[in-house]
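Please find below my notes on the model, set out as numbered points. They begin with one residue and its surroundings and then move outward to other parts of the chain.

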Amino acid sequence: MTVKQKILRVSLYLSLTGTLFSANVESASDFQIWVPVNMNAKLTDQLRGFLELQPRIGNDASNLTTAMVRPALGWAINEQATVWGGYLMEADTIKLDSDTYIFENRAWQGFSWKDTANNKQFIWEVRNRLEERFLAQNADPSIRWRTRIRVEQLISGWTPLSIIASEELFVNLNDNSNNPQLQAGVQQNRAYLGVGYRFAPEVQVETGYLYQHVWKNPPSEDLNNNIWMTSINLNF
């Protein structure tokens with residue numbers, strides 16, 4: 001079995017697992033639009049810089065429900081592997097239709113492995129992050145692990161155009177006594193399918209559908225969100 005086949009099989013398995021877990025539970029749904037802007041910079045031969053700016057428009061795409069700023073520094077171990085350390089500041093509305101925001105500060109560490117196959121026509125990446133989330137009215141941080149598998153297939157004859165799929169699973173690693181929704185266990189699943197277009201080696205835009213399921217503890221309902229996400233990726 002080739003590397004490409006293995007990655008596709010794992011991605012499909014995780015996506016189906018997340019869908020089956022969420023199929024038989026009561027859930028609330030929302031349509032949202034996410035527009036992440038990702039900036040990657042090669043500062044030296046090994047030092048990397050990263051900055052993400054991301055607004056999210058929820059409540060059936062009528063209200064700015066989340067705004068995020070995520071800077072980070074990375075160290076390239078080799079051409080495929082990079083370790084990361086970063087910070088995030090996030091503002092979230094207290095309700096989907098509210099104009100009142102609460103803030104989250106988050107420290108995170110990560111490891112990513114990115115490689116190619118089939119004469120660089122197939123690109124795959126595994127990204128892992130450990131997050132320490134400092135939330136309003138919670139003295140202790142909520143610790144979360146997340147793993148994403150992302151694959152990209154260039155379309156033969158249409159070199160700038162590609163098909164992209166990803167699967168990401170979020171797991172809380174500790175209980176929080178002040179918040180019943182921050183208990184240890186699987187917390188969230190995201191499955192994405194879209195297309196990308198590379199305008200230049202430094203600029204890629206991708207757009208597609210993201211399915212997000214967030215598990216909640218009773219009496220809260222699970223969240224089952226349909227998201228259209230358009231990412232702008234800049235490389236310097």
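1. I would begin at Leu210, which, once its neighbours within four places in sequence are set aside, is in contact with Trp34, Arg190, Ala191, Tyr192, Asn225, Asn226, Ile227 and Met229. Please keep in mind throughout that this is a predicted model.

2. Which residues make up the largest nonpolar core? This core has six residues, namely Trp34, Ile164, Tyr192, Leu210, Ile227 and Met229. Among the contacts of Leu210 are Trp34, Tyr192, Ile227 and Met229, and each of these four is likewise listed as a member of that core.

3. Trp34 deserves a second look, since Arg56 lies over the face of its ring, at 3.7 Å from the ring centre. An arrangement of this kind also involves Trp108, where the charged end of Arg129 sits over the ring, 4.4 Å from its centre.

4. As for the fold as a whole, the protein has one helix and twelve strands, and, read along the sequence, the elements follow the pattern α-β-β-β-β-β-β-β-β-β-β-β-β. Of the contacts in the protein with a separation of 6 or more, 48% are accounted for by residues 24 or more positions apart.

5. With regard to burial and surface, buried residues make up 40% of the 236 residues in the protein. The protein exposes about 12800 Å², and carbon and sulfur atoms supply 61% of that area.

6. How many aromatic pairs are there? The count comes to two aromatic pairs. One of them joins Phe50 and Trp84, which are edge-to-face, at 6.2 Å centre to centre and with 70° between the planes. This pair links distant parts of the chain, with Phe50 in strand β3 (residues 47–58) and Trp84 in strand β5 (residues 81–93), 34 residues apart. Phe50 has a relative accessible area of 14% and is therefore buried, and Trp84, with a relative accessible area of 19%, is buried as well.

7. Why is the pair of Tyr197 and Phe199 edge-to-face? The ring centres of Tyr197 and Phe199 are 4.9 Å apart and their planes stand at 65°, and planes over 60 degrees apart count as edge-to-face. Tyr197 counts as partly exposed because its relative accessibility is 37%, whereas Phe199 counts as exposed because its relative accessibility is 59%.

8. Is Arg133, a residue of strand β7 (residues 122–135), buried or exposed? Arg133 has a relative accessible area of 11%, so it is buried. The side chain of Arg133 makes a polar contact with the side chain of Glu104, at 2.9 Å. Leaving aside neighbours within four places in sequence, Arg133 is in contact with Glu104, Asn105, Arg106, Pro141, Ser142, Arg144 and Leu182.

9. Finally, Asp45 lies in the loop between β2 (37–42) and β3, and this residue counts as exposed because its relative accessibility is 67%. The C-alpha atoms of Asp45 and Ala76 are separated by 8.0 Å, although the two residues are 31 residues apart along the chain.

Terms used
Residues are numbered from 1 along each chain as its sequence is written. This is a predicted model: local features need pLDDT of at least 70, side-chain atom pairs count only at pLDDT 80 or more; totals for chains, interfaces and linings use all residues. Side-chain values use heavy atoms; hydrogens and water are left out. Rings of Phe, Tyr and Trp (its six-membered ring) pair if their centres lie within 6.5 Å; planes under 30 degrees apart count as stacked, over 60 as edge-to-face and the rest as tilted. Helices (H or I, at least four residues) and strands (E, at least two) are DSSP runs, numbered from the N terminus. Buried means under 20% relative accessible area, exposed over 50%, partly exposed in between (1.4 Å probe, protein chains only). A charge sits over a ring if NZ of Lys or CZ of Arg is within 6 Å of the ring centre and within 35 degrees of the ring normal. A polar contact is a pair of N or O atoms within 3.5 Å; within protein, one must be able to donate a hydrogen and the other to accept it, and residues adjacent in sequence count only if both atoms are side-chain atoms. Contact means heavy atoms within 4.5 Å. A nonpolar core is a set of buried Ala, Val, Leu, Ile, Met, Phe, Trp, Tyr and Cys residues joined through side-chain atoms within 4.5 Å. Accessible areas come from the Shrake-Rupley method with a 1.4 Å probe; for residues, only the protein chains shown count as cover.
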